[in-house]
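Please look over the structure shown here before reading on. The questions and answers that accompany it are meant for someone meeting it without earlier knowledge.

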Amino acid sequence: MTRDIKAMLEIYFIAGTQDCKEKSLIHTLEEALQAGITCFQFREKGKDSLETDPAARVKMAQVCQLLCRQYDVPFIVNDDVELAVELDADGIHVGQGDYPIQDLISKWGDRFIIGLSTNNVIQFKEAEKISGLDYAGIGPAFTPLSKQDHEGVIGLKGIKEAMTERDHLTAVAIGGINTSNIKDVWETGVDGVAVVSSITRAVSVIDAVQRLKK
Ligand SMILES: Cc1ncc(COP(=O)(O)OP(=O)(O)O)c(N)n1
Ligand SMILES: Cc1nc(C(=O)O)sc1CCOP(=O)(O)O
Ligand SMILES: [Mg+2]
């Protein structure tokens, strides 16, 4: 499947069951797919997640993947390379300390879309040198609502600086992005926005996704 990576990452929804308190993850994901998200990352981790029940976690991932397939939306697995391989996911997203990125690309770069988190301009510039990397997350843009152990907020200023200096690498802003600040986020020049709570906590998912679009 050949995809335009920048278009694919425009509205990048990230979630696990821990993020969906009122409606289930499956229900929220289906609404988000109907509303037009362009990518989904399965991030089942932390408090209230299915991490303590590995079989249920795999089952949940499979259901989410099936839904994504129905809407032809890429299904990316956060952190867990083994799970991505087992499910034949479309991609893997890892952070700076999760997995040696060059090893990951050498082993799986032909098979998976590979994304890496960057938390400042220096890391983004280093990421640009990594051959075979498909995209980088950059942030936090604002204080994240869905991650407690996040890195320091680099703000729109930090993201804009990385975008001004970038050579080629596809970039997705992350952290505290919502329908009120989205216009300023797009003005930094990023290709996509990655969001959790602005979809999982939306009164209307359809309305939220529409308003997040570029
Ligand atoms: C698109 C995107 N960007 C950044 C992250 C954060 O990844 P990481 O720093 O590894 O933290 P965890 O998500 O694993 O807690 C992401 N998941 N997606
Ligand atoms: C998973 C994640 N990574 C971040 C980073 O800065 O690397 S922020 C984040 C969670 C973003 O949640 P929300 O959209 O609810 O603020
Ligand atoms: Mg990680």
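The turns below take up the pockets, the ligands and a few local features of the chain.

This is a predicted model, in which local features need pLDDT of at least 70, side-chain atom pairs count only at pLDDT 80 or more, and totals for chains, interfaces and linings use all residues. Residues are numbered from 1 along each chain as its sequence is written, chains are lettered from A and ligands numbered from 1 in the order in which they are written, and side-chain values use heavy atoms, with hydrogens and water left out.

Q: What volume does the largest pocket have?
A: A pocket here is found on a 1 Å grid over the protein atoms alone, as an open set of points where a 1.4 Å probe fits, with protein on both sides within 12 Å along at least five of seven lines, and its lining residues have an atom within 4 Å of a point. Grid points are joined across faces, edges and corners, and a volume is the space filled by probe spheres set on the points. For the largest pocket that volume is about 710 Å³.

Q: Which element gives the most residues to the lining of the largest pocket?
A: The lining of the largest pocket has 38 residues, and Arg43, Ser117, Asn119, Lys147 and Ile174 lie nearest its centre. Helices (H or I, at least four residues) and strands (E, at least two) are DSSP runs numbered from the N terminus, and those that give two or more residues to this lining include β1 (11-15), β5 (113-118), β7 (170-174) and α9 (197-200). The element that gives the most, with three residues, is β6.

Q: Which pocket does ligand 2 sit in?
A: A molecule is said to sit in a pocket if more than half of its atoms lie within 2 Å of the grid points of that pocket. The space taken by ligand 1 meets this description for the largest pocket, and ligand 2 likewise sits in the largest pocket.

Q: How much of the area that ligand 1 exposes when taken alone does the protein bury?
A: Polar contacts (pairs of N or O atoms within 3.5 Å; within protein, one must be able to donate a hydrogen and the other to accept it, and residues adjacent in sequence count only if both atoms are side-chain atoms) link ligand 1 to several side chains. Oxygen atoms of ligand 1 lie 2.7 Å from an N or O atom in the side chain of arginine 43, 2.9 Å from a polar side-chain atom of lysine 45 and 3.1 Å from one of aspartate 79. Accessible areas come from the Shrake-Rupley method with a 1.4 Å probe, where for residues only the protein chains shown count as cover. Taken alone, ligand 1 exposes 420 Å², and the part of this that the protein buries is 90%.

Q: How many charged residues are in the shell around ligand 2?
A: A residue is near a molecule if one of its heavy atoms lies within 4 Å of it, and of the 14 residues around ligand 2, Leu145, Ser146, Gly176, Val196 and Ser197 come nearest. Ala, Val, Leu, Ile, Met, Phe, Trp, Tyr, Cys and Pro count as nonpolar, Asp, Glu, Lys and Arg as charged, and the others, Gly among them, as polar. By class, the shell has six nonpolar and six polar residues, while its charged residues number two.

Q: Which residue has a side-chain N or O atom 2.5 Å from an oxygen atom of ligand 2?
A: An oxygen atom of ligand 2 lies 2.8 Å from a polar backbone atom of glycine 176, and one is 3.5 Å from a polar backbone atom of proline 140. The contact at 2.5 Å is made by the side chain of serine 146.

Q: What is omega for the peptide bond that joins glycine 139 and proline 140?
A: Proline 140 is found in the loop between β6 and α7 (155-165). The bond joining glycine 139 to proline 140 is a cis peptide bond, and its omega is about 5°.
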